[in-house]
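Good morning, everyone, and thank you for making time. I would like to walk slowly through a structure that is new to most of you, beginning with the chain as a whole and then turning to single residues.

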Amino acid sequence: TEAELLLQEMEEFHKSGQLRDGGPCNVSYLTALNALAKSRDLDAPERARKLLDSMVSNPKVERTHHSYNMMLLCYAAHGRTKEAEQLMKEMIDLFITGDLEERPDTKSFNTLLDSLSR
């Protein structure tokens, strides 16, 4: 998507020193994940997961339940129920181990319910 390309461009500008305010932030990644959730591309969930993983591995970007909710939305929008269920389990495990500050919320569960109802 164009959002992915723009995010990549932001990262490159930041690495080259042309973008001095810290580079892409949580909102940047969430916006790109949202674009992938809305995309009709068949590989959008895989691209979104890759983006989430890169977000998680970036020490300057905080992993939050919002990023996981957006990933749940992407799976739900593309009929990927099994992946959505696995991601919910992952969120719960991350919260229990302290690697995710906030537990899954009502939106998390409602998105999973929506995925199951399709």
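Let me begin with burial: of the 118 residues in this chain, 36% count as buried. Please keep in mind throughout that what you see is a predicted model, and that the values I quote are computed from it.

On the overall build, the secondary structure comes to 6 helices and 0 strands, so if you read from the N terminus on, the order of elements is simply α-α-α-α-α-α. The C-alpha atoms fill a box of roughly 45 × 35 × 20 Å, taken along the principal axes. How does the radius of gyration of the chain sit beside that of a compact globule? For 118 residues a compact globule would come near 13 Å, and the chain has 14 Å, which agrees. Turning to contacts, if we take those in the chain with a separation of 6 or more, residues 24 or more positions apart account for 60% of them. As for the surface, the chain exposes about 7200 Å², and carbon and sulfur atoms supply 53% of that area.

Let us now start at the beginning of the chain, with helix α1, which covers residues 2–16. This helix has 15 residues and reaches 21 Å from its first C-alpha to its last, close to the 21 Å expected at 1.5 Å a residue. What follows α1 is Gly17, and the phi of this glycine is positive, near 90°.

Next, I would like to spend some time on the salt bridges, of which the count comes to 7. One of them joins Glu46 and Arg80, with the closest N and O atoms 2.2 Å apart. This pair links distant parts of the chain, since Glu46 sits in helix α3 (residues 44–57) while Arg80 sits in the loop between α4 (65–77) and α5, 34 residues apart. Glu46 has a relative accessible area of 39%, and is therefore partly exposed. Arg80 also meets the side chain of Glu83 in a salt bridge, at 3.1 Å from N to O, and Glu83, at 24% relative accessibility, counts as partly exposed as well.

Staying with helix α3, there is a salt bridge between Arg49 and Asp53, where the closest N and O atoms are 3.0 Å apart. How many residues separate Arg49 and Asp53 in helix α3? They are 4 residues apart, and so the separation is about one helical turn. The background is that an α-helix has 3.6 residues a turn, so residues three or four places apart point the same way. Asp53 itself, at 37% relative accessibility, counts as partly exposed. Beyond these pairs, a network of salt bridges links Glu4, Asp41, Asp43 and Arg47.

I turn now to a few residues that are useful for finding your way around the model. Is Asn69, which is found in helix α4, buried or exposed? Its relative accessibility is 5%, and because anything under 20% is taken as buried, Asn69 counts as buried. If we leave aside its neighbours within four places in sequence, Asn69 is in contact with Met91, Asp105, Lys107 and Ser108.

By contrast, Pro59, placed in the loop between α3 and α4, counts as exposed at 80% relative accessibility. Pro59 and Asn110 are 51 residues apart in sequence, and their C-alpha atoms are 29 Å apart in space.

Another loop residue is Glu102, which lies between α5 and α6 (106–116) and is partly exposed, with a relative accessible area of 41%. Apart from its neighbours within four places in sequence, Glu102 is in contact with His65 and Phe95. Glu102 and Leu51 are 51 residues apart in sequence, with 20 Å between their C-alpha atoms.

Finally, let me point you to the surface, where Ile92, Ile96 and Phe109 make a nonpolar patch of about 290 Å². Of these, Ile96 lies in helix α5, residues 81–97, and with a relative accessible area of 65% Ile96 is exposed.

To leave you with one picture, this is a predicted model of a chain with 6 helices and 0 strands, in which the salt bridge of Glu46 and Arg80 links distant parts of the chain. Thank you, and I am glad to take questions.

Methods. Residues are numbered from 1 along each chain as its sequence is written. This is a predicted model: local features need pLDDT of at least 70, side-chain atom pairs count only at pLDDT 80 or more; totals for chains, interfaces and linings use all residues. Side-chain values use heavy atoms; hydrogens and water are left out. Patches are made of residues with over 30% relative accessible area and no salt bridge: like charges are joined within 9 Å, nonpolar side chains (Val, Leu, Ile, Met, Phe, Trp, Tyr) within 5 Å. Accessible areas come from the Shrake-Rupley method with a 1.4 Å probe; for residues, only the protein chains shown count as cover. A salt bridge is a side-chain nitrogen of Lys or Arg within 4 Å of a carboxyl oxygen of Asp or Glu. Helices (H or I, at least four residues) and strands (E, at least two) are DSSP runs, numbered from the N terminus. Buried means under 20% relative accessible area, exposed over 50%, partly exposed in between (1.4 Å probe, protein chains only). The radius of gyration is taken over C-alpha atoms; the globule rule is 2.2 Å times the number of residues to the power 0.38. Contact means heavy atoms within 4.5 Å. The expected span of a helix is 1.5 Å times one less than its number of residues.
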